[in-house]
Amino acid sequence: MSEETAPAPRMGLVLAASAAGTIFEWYDFFIFGSLTAIIAKHFFASAGETQGFIFALLTFAAGFAVRPLGAIVFGWFGDRTGRKRTFLVTITIMGLATFAIGLLPDAAQLGLNAAWLLLGLRMLQGFAVGGEYGGAAIYVAEHADPKKRGAATGWIQVAASVGLFLALAVIFVTRSWMGEDAFAAWGWRIPFLLSVGLLGVSLWIRLKLDESPLFRKMQEEGRGSRAPLSEAFFQWKNLRLVLIALFALMMGQGVVWYTANFYAQVFLERVVKVEPRMVNLLIMAMLVGSALLHVFFARLSDRVGRKPVMLFGLALAAIAFVPGFRMLTEAVNPALAEASARVPVVIVADPQDCSVQFDPIGKTKFTSSCDIAKATLASAGVPYRNEAGQGVARIRVGGKEVASSARMSAAERKNFTTLVLGVLGSAGYPPKADSAKIDVPRAILILILLAMGAAALYGPQAAALVELFPTRIRYSALSLPYHIGNGWFGGFLPAIAFAIVAATGNIYAGVYYPVTIAAIGFFVTLFFMPETRGRDISI
């Protein structure tokens with residue numbers, strides 16, 4: 001059976017509708033991710049600066065934790081009732097949850113309940129997104145010319161960068177217009193509230209669409225699946241493809257994409273202390289360059305195949321991430337790079353006194369002398385190494401030492417932080433990056449290099465996933481591995497990476513996690529992933 005393709009004007013509407021939803025999806029998620037530091041102060045301040053920031057990152061990640069559940073639920077509906085109806089529901093739920101975050105009272109009004117409500121809204125967002133990407137990718141692919149399927153679905157991937165750019169642009173303009181103090185106090189809500197406009201536009205476009213021609217034809221011929229979940233996940237021939245999609249593509253794509261597009265921002269702002277508005281500008285410039293790369297790699301996959309392009313992306317990430325982040329530090333905060341090489345910082349402590357400082361449920365209090373010393377340096381963005389010792393922990397900077405102590409009061413901890421920062425300053429460690437000394441062109445080029453691997457993976461990804469599965473179970477089978485790989489491995493990356501940095505003192509240690517996952521994905525893709533370019537997806 002040959003595939004049906006949409007006429008050119010109709011194809012433009014299909015692309016616009018699917019891209020609008022993807023733009024909206026990533027705008028929603030990225031405004032939360034970009035404002036994590038501010039959200040931490042409004043909802044998690046009582047946990048302390050470092051742990052509160054990790055809690056905020058985990059709340060961001062919670063939206064990803066429930067995405068596989070959404071993939072199962074909406075995947076079933078998409079395979080049973082149609083593509084159009086399902087992604088109308090998902091975008092409505094997603095948009096209303098985002099708008100509600102902008103209205104949510106913070107801890108000053110509701111106490112701990114504010115954090116729980118925020119967590120609930122993030123999980124509602126994630127649940128809806130579980131059905132959004134699969135529906136958009138499938139809808140475009142099932143309309144597209146088979147010879148241009150990579151290029152067509154590549155526009156969905158470009159739309160992700162557009163959504164991120166739009167989020168940063170709204171944050172930057174709002175921040176600049178009202179000033180940092182007002183923005184941090186209440187202006188951070190404006191980007192969330194403005195999302196209702198995107199919701200309206202997305203729904204208006206999608207309501208103009210018809211059902212996918214391949215799905216409609218399948219229903220007319222009586223070939224639809226009565227139990228798409230059972231067929232997708234309990235028949236080995238299909239489950240094998242689901243596992244290949246997860247371990248070959250999605251696991252690696254999730255960590256590579258979030259490292260380049262989100263953790264890079266966390267690293268710049270939180271670790272190497274670049275001023276937030278400068279971080280917004282750098283990431284926006286990177287997103288413009290990476291959007292063009294998405295188009296290039298998507299089109300390239302139509303010529304040479306999906307597999308070689310994605311192998312290139314995985315290999316580049318595994319090789320380039322660690323040196324890339326080192327070069328990024330040198331470009332944006334040369335004083336920090338020079339001071340850490342000339343006067344290294346050491347924490348001398350009993351290893352039994354030190355914790356990992358990663359507690360997803362918030363029950364543990366990190367009050368030992370070692371934990372306080374590590375949290376102080378992590379918050380200051382100062383790299384350090386660990387050295388075994390006895391007694392209370394001590395921070396050694398060159399020939400000077402500052403002794404920590406356990407269970408400090410708020411006043412004692414403030415005095416301790418002031419003392420440590422004074423010693424660091426005398427050794428040449430800057431309190432923050434000097435914007436005048438940032439090598440902007442070099443920083444942008446490094447960020448684009450980091451994003452190149454993500455673009456090579458993400459550009460052909462939608463076409464490859466759609467081509468991997470039969471029409472009758474495509475929505476269910478595609479969505480679950482995508483949201484486990486992208487949601488769990490990718491979504492938890494910022495919290496995991498920052499916790500690793502806080503525990504080890506190595507500001508680049510957080511990047512070892514995505515490098516390891518990318519390397520695993522490379523070998524699984526090389527040996528198990530079939531080439532899918534040119535497949536008939538009407539079957």
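**Figure 1. Glycine 102 in helix 5.** With a relative accessibility of 3%, glycine 102 counts as buried (buried means under 20% relative accessible area, exposed over 50%, and partly exposed in between, with a 1.4 Å probe and protein chains only). The model shown here is predicted: local features need pLDDT of at least 70, side-chain atom pairs count only at pLDDT 80 or more, and totals for chains, interfaces and linings use all residues. Residues are numbered from 1 along each chain as its sequence is written, and side-chain values use heavy atoms, with hydrogens and water left out. Glycine 102 sits in helix 5, which covers residues 83-103; helices (H or I, at least four residues) and strands (E, at least two) are DSSP runs numbered from the N terminus. Leaving aside residues up to four places away in sequence, glycine 102 touches Arg189, Phe192 and Leu193, where a contact means heavy atoms within 4.5 Å. Take a look at the pairing with phenylalanine 192: the two residues are 90 apart in sequence, yet their C-alpha atoms are 4.9 Å apart in space.

**Figure 2. The disulfide between cysteine 354 and cysteine 370.** A search of the whole structure turns up 1 disulfide, defined as a pair of cysteine sulfur atoms within 2.5 Å. Here cysteine 354 is joined to cysteine 370, with 1.9 Å from S to S. Cysteine 354 belongs to the loop between strand 1 (345-349) and helix 17 (369-380), while cysteine 370 is in helix 17, so the pair ties together parts that are 16 residues apart in sequence. The torsion about the S-S bond is about 100°, so this disulfide is right-handed. As for exposure, cysteine 354 is partly exposed at 24% relative accessibility, whereas cysteine 370 is buried at 0%.

**Figure 3. Glutamine 461 and its contacts.** Glutamine 461 is part of helix 19, residues 440-468. Its relative accessibility is 1%, so glutamine 461 counts as buried. If you would like to trace its surroundings, glutamine 461 touches Tyr133, Gln157, Met250, Gln253, Met310 and Tyr482, not counting residues up to four places away in sequence.

**Figure 4. Lysine 273 and arginine 407, two loop residues with positive phi.** Most residues other than glycine have a negative phi. Lysine 273 has a phi near 60°, a positive value in a residue other than glycine. You will find lysine 273 in the loop between helix 13 (236-271) and helix 14 (276-304), where it is buried with a relative accessible area of 17%. Arginine 407, also not a glycine, has a positive phi of about 50°. Arginine 407 lies in the loop between strand 4 (400-403) and helix 18 (410-426), and at 66% relative accessibility it counts as exposed.

**Figure 5. The chain around these close-ups.** To place the views above, it helps to step back to the whole protein chain. Its secondary structure comes to 22 helices and 4 strands. The radius of gyration is 24 Å, close to the 24 Å that the globule rule gives for 539 residues, so the chain is as compact as a globular protein of that length (the radius is taken over C-alpha atoms, and the rule is 2.2 Å times the number of residues to the power 0.38). Along the principal axes, the C-alpha atoms fill a box of roughly 80 × 50 × 45 Å. Of the 539 residues, 60% are buried. Among contacts between residues at least 6 apart in sequence, 85% join residues at least 24 apart.
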